[in-house]
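Visitor: I'm new to protein structures, and I'd like to learn how to read one feature by feature. Could you walk me through this one?

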Amino acid sequence: MVLGDVFVLWFVPAAAVVGILFALVQWYIVSGVSVGGEGKGNNGYLHVDEDGVSDAEVVAKCAEIQAAISDGAESFLATEYQYLLIFMGIFSVIIFVFLSSVGGFKWERVPCEYDTAQECPSTIAYAFFTTVAFILGALTSTLSGYLGMKIATYANARTTLEARRGVGRAFIVAFRSGSVMGFLLAANGLLVLFLTILVFKLFFKDDWVGLYEAITGYGLGGSSVALFGRVGGGIYTKAADVGADLVGKIEQNIPEDDPRNPAVIADNVGDNVGDIAGMGADLFGSFAESTCAALVVSSISSFGTDRNFVAMSFPLIISAAGIFVCLLTTLVATDLFVIKGVKQIEPTLKYQLVISTVLMTIAIFLVSWYALPDTFTINVVGHDPKVVKNWHIFLCVGSGLWAGLIIGFVTEYFTSNTYQPVQDVADACRTGAATNIIFGLALGYKSVIIPVFAIAAAIYLSFSLAAMYGIAVAALGMLSTLATGLAIDAYGPISDNAGGIAEMAGMNHEVRETTDALDAAGNTTAAIGKGFAIGSAALVSLALFGAYVSRAGIAVVDVIQPKEFVGLLVGAMLPYWFSAMTMKSVGKAALAMVEEVRRQFRTISGLMEGTAKPDYKRCVQISTDASIREMIPPGALVMLTPIIVGTLFGVETLAGLLAGALVSGVQIAISASNTGGAWDNAKKYIEAGRSEHAKTLGPKGSDAHKAAVIGDTVGDPLKDTSGPSLNILIKLMAVESLVFAPFFAANGGWLFRL
């Protein structure tokens with residue numbers, strides 16, 4: 001180890017600042033595309049469409065539609081955040097009271113656990129700082145989601161306008177905009193966490209164990225907001241999407257995103273509040289939790305006893321290095337490589353994953369070599385300390401990084417209509433919706449196999465080399481290229497919105513074909529992003545589980561014992577219960593949306609002829625009201641279950657519950673996300689009609705296309721509500737259990753004691 005404390009104090013915040021500045025530069029470049037006089041340029045494009053619509057009219061229409069989408073998204077998030085502020089206040093009180101009660105609400109300093117000769121802060125002080133960390137994490141997660149939404153709604157119309165100049169120009173705008181979100185979120189999360197550690201250090205001094213256990217509140221806050229953002233946003237977007245598709249495409253036989261469809265604005269708003277704001281908060285939560293898990297485990301290792309600040313900051317240095325790697329990777333797509341055709345879109349996005357992974361591998365080796373001691377020990381509960389070498393950690397982080405790449409490639413194979421699995425699903429539409437659904441479900445189940453093996457291999461290697469610390473840094477490895485992953489993920493909804501705006505603005509078919517190609521690639525990248533989120537959630541949850549077991553003083557989790565086995569069984573059931581609640585919530589909201597859309601087509605004279613405008617605001621309000629109302633029960637299930645189980649049944653039963661939820665939830669989440677993604681791209685495969693096989697299934701409005709639309713509609717809540725939310729469920733319950741572990745260890749299990 002050759003790096004000193006000064007290097008860490010400068011390198012980590014410097015990387016965050018560079019990430020923020022790079023994001024601002026990308027935003028400035030995107031702003032060069034003018035929308036209604038907002039930008040700083042004139043687009044350099046003067047044209048009259050084939051239907052006689054002038055350039056000025058197109059720009060004005062795009063600006064009007066963009067404003068409607070932005071206003072709808074802002075309105076929803078403002079309402080959602082009001083409820084989240086109430087939740088944050090109530091849960092902050094719960095954290096403070098529960099943790100303060102462990103020491104009998106005393107202010108006196110107590111003997112340190114790692115060294116009884118030393119005195120550490122009181123339990124009230126620990127509870128206070130944990131609560132502060134929780135609030136900071138929640139606020140940062142909220143900011144991440146909001147910034148993502150603002151960037152996406154700023155970029156959607158600009159992508160549409162650039163699509164008139166070719167697929168390459170449109171791709172660059174969408175990808176640059178995605179990178180703005182990716183770098184802002186990664187940099188803000190790292191900067192706030194690092195500054196929080198430095199401020200807390202002024203109080204905790206040399207009590208690294210207490211400091212990093214208090215910091216776990218940061219991860220809890222981030223994931224709490226992410227849960228409600230994913231569930232609420234997912235219900236919003238899918239209620240609108242299902243209503244728009246069922247009535248518009250199936251019953252009225254009008255195109256997707258047709259301006260005559262009353263639910264079309266709500267559908268496009270949903271892309272931003274669900275796929276963008278919810279996804280941003282979700283991946284921020286994964287980053288915060290994986291970092292917190294690694295910090296907690298490192299504090300009880302020889303790093304903590306030796307007070308080695310550089311080695312304990314290893315997770316932060318990895319994330320900082322990842323920002324520089326992602327910056328170089330992004331420049332390849334935006335400045336070094338020019339897309340000239342639609343067939344180059346998916347390979348370019350795939351190269352982003354490969355390049356970032358290769359460069360990050362080199363960075364991980366350098367950081368492991370220079371930031372860690374040659375040899376150190378990791379404490380393992382119930383066992384002798386584990387002797388670890390710095391190159392072991394390189395292999396642990398690398399295994400998580402490459403497992404993420406494998407998951408990304410497998411997800412692409414099973415969800416992209418370039419490959420056989422999705423084409424088989426599309427072919428099944430020949431005989432109706434039933435066979436389409438059967439093939440889609442089979443595809444989803446099959447897509448679980450390789451990702452689970454990849455995760456299992458990373459877990460086995462990491463644990464063998466460095467116990468739970470190895471698993472924690474493996475999760476961090478999977479998230480080390482977070483900025484690139486977010487850029488690729490955000491690109492999808494931006495392209496989807498761009499296609500909707502093109503249709504609503506009455507642009508010619510060539511522009512719509514360009515945006516459809518961008519959108520099809522975006523569906524695949526969204527599925528890849530969800531695969532990363534689910535895979536990292538599995539590793540993060542296991543690392544948090546290990547930290548919880550250590551904090552709760554559990555020597556062995558023995559599933560043969562009745563307490564643990566009961567928890568295991570109930571935990572495996574929870575993802576099904578949670579999925580049932582979210583799926584039914586989408587169904588109920590979609591019912592209301594379908595009835596409203598039907599009512600407007602039935603009662604508004606001239607709507608189908610295009611001489612009258614639909615009431616878009618009514619559909620936006622239905623989605624907003626339904627999502628806010630329906631997000632509370634699933635959120636309560638996740639937040640209250642660890643507290644109830646830990647308090648009533650004790651730490652052993654809760655350990656079993658966490659293990660069961662992890663094993664079950666990961667596999668349901670992967671299956672649901674890939675099934676929905678495959679159905680969506682099977683529909684787009686038929687609509688595009690680029691191959692001879694696709695032409696035999698189309699065109700739009702054919703029986704095969706209608707069957708594909710039904711499959712896509714069934715898959716919508718799977719891929720955008722239940723599936724993505726499940727990864728938050730497993731990691732949120734784990735980090736919540738870790739935060740409340742002192743209370744459960746001291747006061748839990750009173751029902752068994754009775």
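Guide: Happy to. Let's start with contact, which means heavy atoms within 4.5 Å. By that rule Gln423 touches Asn417, Thr418, Tyr685 and His693, not counting residues up to four places away in sequence. Before we go on, some ground rules: this is a predicted model, where local features need pLDDT of at least 70 and side-chain atom pairs count only at pLDDT 80 or more, while totals for chains, interfaces and linings use all residues. Residues are numbered from 1 along each chain as its sequence is written, and side-chain values use heavy atoms, with hydrogens and water left out.

Visitor: Where does Gln423 sit, and is it buried or exposed?

Guide: Two terms help here. Helices (H or I, at least four residues) and strands (E, at least two) are DSSP runs, numbered from the N terminus. Buried means under 20% relative accessible area, exposed over 50%, and partly exposed in between, with a 1.4 Å probe and protein chains only. Gln423 belongs to helix 12, residues 420–427, and counts as buried because its relative accessible area is 17%.

Visitor: What does the side chain of Gln423 have within reach of a polar atom?

Guide: For that we use the polar contact: a pair of N or O atoms within 3.5 Å; within protein, one must be able to donate a hydrogen and the other to accept it, and residues adjacent in sequence count only if both atoms are side-chain atoms. Here a polar atom of the Gln423 side chain is 3.3 Å from the backbone oxygen of Thr418.

Visitor: Let's try a contact list for another residue. What does Leu486 touch?

Guide: Leu486 is in helix 15, residues 482–504, and is buried, since its relative accessibility is 0%. Setting aside neighbours within four places in sequence, its contacts are Gly178, Met181, Gly182, Leu185, Met279, Gly280 and Leu283. Thr624, in helix 18 (residues 616–630), is buried too, at 6%. With the same kind of neighbours left out, Thr624 is in contact with Phe76, Thr79 and Tyr236.

Visitor: How do I read a salt bridge?

Guide: Side chains of opposite charge can pair when their charged atoms come close. The rule asks for a side-chain nitrogen of Lys or Arg within 4 Å of a carboxyl oxygen of Asp or Glu. By this rule the structure has 29 salt bridges. One of them joins Lys731 and Asp282, with N to O at 2.8 Å. Lys731 is in helix 22 (residues 703–739) and Asp282 in helix 6 (residues 264–299), so this pair ties together parts 449 residues apart in sequence. Lys731 and Asp282 are both buried.

Visitor: Which salt bridge has both partners in helix 22?

Guide: Take Asp716 and Lys719, whose side chains meet at 3.9 Å, N to O. Both lie in helix 22, three residues apart, about one turn of the helix. Both are buried. They also belong to a network of salt bridges, whose members include Lys238, Asp241, Asp519 and Asp680.

Visitor: What about a pair where the partners differ in burial?

Guide: Look at Arg169 and Glu162, whose closest N and O atoms are 3.3 Å apart. Arg169 is partly exposed because its relative accessibility is 40%, whereas Glu162 is buried at 3%.

Visitor: How many disulfides are there?

Guide: A disulfide is a pair of cysteine sulfur atoms within 2.5 Å, and a search of the whole structure finds zero. Cys62 is buried at 0% relative accessibility, and Cys619 is buried at 0% as well.

Visitor: And what does a positive phi tell me to look for?

Guide: Most residues other than glycine have a negative phi. Asn253 is not a glycine, yet its phi is positive, about 55 degrees. Asn253 lies in the loop between helix 5 (208–251) and helix 6. Ala467 also has a positive phi of about 55 degrees without being a glycine, but Ala467 is found in helix 14, residues 449–478. Ala467 is buried, since its relative accessibility is 4%.
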